[in-house]
Amino acid sequence: MPEAPALIAEAIRFDAVGKTFPTRPVPLRAVESVSFAVRRGEFVAILGPSGCGKSTLLMMAAGLETPTEGRLERGGVKLHGPHRQTGVMFQDATLLPWLSVLDNVLFPATIRRIPRAQVLEAAMRLIETVGLKGFEGARPHELSGGMRQRAAICRALVLDPDLILMDEPFSALDAITRDEMGDVLLDLWQHTQKSAIFVTHSIREAVLLADRVLVMSRRPATVAEELVVPFPRPRTPALADSAEFGAVVAHLRGVIAGNMA
Ligand SMILES: Nc1ncnc2c1ncn2[C@@H]1O[C@H](COP(=O)(O)OP(=O)(O)OP(=O)(O)O)[C@@H](O)[C@H]1O
Ligand SMILES: [Mg+2]
């Protein structure tokens with residue numbers, strides 16, 4: 001019997017997913033038996049050592065790499081290739097330099113041949129939400145790094161995806177801009193019911209933004225630890241100054257250190 005996606009409470013499910021790259025002379029095992037699901041509306045952060053396989057996991061979730069073992073389900077259906085309702089934001093938020101901010105934000109609609117008029121309002125609203133109003137006509141080189149990242153967030157959200165995949169989206173930013181971007185994201189999340197997988201090296205960022213944090217092992221990546229973040233929403237950036245927040249961050253730091261020892 002065909003599955004009924006509307007009744008599925010999970011945005012995405014990894015079921016014993018593995019990935020081996022056919023490198024020479026020896027194949028490279030990047031991901032090993034990863035199983036977890038992201039519920040609708042849930043924000044999951046992934047922490048783990050460099051080179052362990054986090055980006056590979058995200059590429060598979062985006063449908064841009066195929067698992068060599070196991071199964072990936074998107075809304076209860078086996079995932080085959082990129083999904084229209086998935087927004088992606090990768091580490092180097094490369095905007096197209098010859099396009100304006102607005103045209104960059106509208107780009108996912110352009111490649112899917114969706115009429116501009118259909119998404120223009122959503123694009124303008126997002127641009128305003130992230131504080132880029134007035135810069136619609138600017139080219140990327142006229143923006144600061146943080147502004148480019150904000151435009152990239154708008155681009156990832158413009159088609160109103162129900163799942164957004166972010167791979168260290170703020171890693172190239174200085175600490176202050178990075179905090180600012182975290183606040184923008186936190187704010188966006190209080191108003192939408194989207195699911196997210198967010199890869200970061202910042203424990204603090206993970207705890208502030210996520211409902212659940214997964215800690216990956218060294219390569220091949222597998223889920224070594226899972227922590228449900230105990231802070232209710234809506235959250236504000238001030239949460240990060242509390243002793244309770246500090247305790248959760250310290251706990252995770254210990255887990256990661258133990259995991260890497
Ligand atoms: N297309 C590919 N072909 C061969 N090997 C690959 C490919 N993509 C990734 N790898 C290898 O898979 C492993 C995991 O890489 P991945 O980019 O997923 O790590 P990561 O956890 O995202 O690291 P970082 O935190 O540094 O971004 C690495 O050893 C990398 O060399
Ligand atoms: Mg990576």
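# Reading a ligand shell and an aromatic cluster

Analyst: Helix α1 gives the most to the shell around ligand 1, with three residues. Helices (H or I, at least four residues) and strands (E, at least two) are DSSP runs, numbered from the N terminus. This is a predicted model; local features need pLDDT of at least 70, side-chain atom pairs count only at pLDDT 80 or more, and totals for chains, interfaces and linings use all residues. Residues are numbered from 1 along each chain as written, chains are lettered from A and ligands numbered from 1 in written order, and side-chain values use heavy atoms, without hydrogens and water.

User: How many residues surround ligand 1, and which are the closest?

Analyst: A residue is near a molecule if one of its heavy atoms lies within 4 Å of it. Here 15 residues surround ligand 1, and S50, G51, K54, S55 and T56 are the closest. Both β2 (28-39) and α1 (54-61) supply at least two residues of this shell.

User: How many residues of each class are in the shell around ligand 1?

Analyst: Ala, Val, Leu, Ile, Met, Phe, Trp, Tyr, Cys and Pro count as nonpolar, Asp, Glu, Lys and Arg as charged, and the others, Gly among them, as polar. The shell has seven polar, five nonpolar and three charged residues.

User: Which oxygen distances should I read at ligand 1?

Analyst: A polar contact with the ligand is a pair of N or O atoms within 3.5 Å. The side chain of K54 has an N or O atom 2.7 Å from an oxygen atom of ligand 1. For S55 the distance is 2.8 Å. For T56, a polar side-chain atom lies 2.6 Å from a ligand oxygen. Taken alone, ligand 1 exposes 640 Å², and the protein buries 66% of that. These areas come from the Shrake-Rupley method with a 1.4 Å probe.

User: How many aromatic pairs are there?

Analyst: Rings of Phe, Tyr and Trp (its six-membered ring) pair if their centres lie within 6.5 Å; planes under 30 degrees apart are stacked, over 60 edge-to-face, the rest tilted. The count is five. F43 and W189 form an edge-to-face pair, 5.0 Å centre to centre with 75° between the planes. F43 sits in strand β3 (residues 43-47) and W189 in helix α6 (residues 175-191), 146 residues apart. Ring pairs link F43, F170, W189 and F198 into a cluster.

User: Are F43 and W189 buried or exposed?

Analyst: Buried means under 20% relative accessible area, exposed over 50%, partly exposed in between (1.4 Å probe, protein chains only). Both F43 and W189 are buried.

Key:
A polar contact is a pair of N or O atoms within 3.5 Å; within protein, one must be able to donate a hydrogen and the other to accept it, and residues adjacent in sequence count only if both atoms are side-chain atoms.
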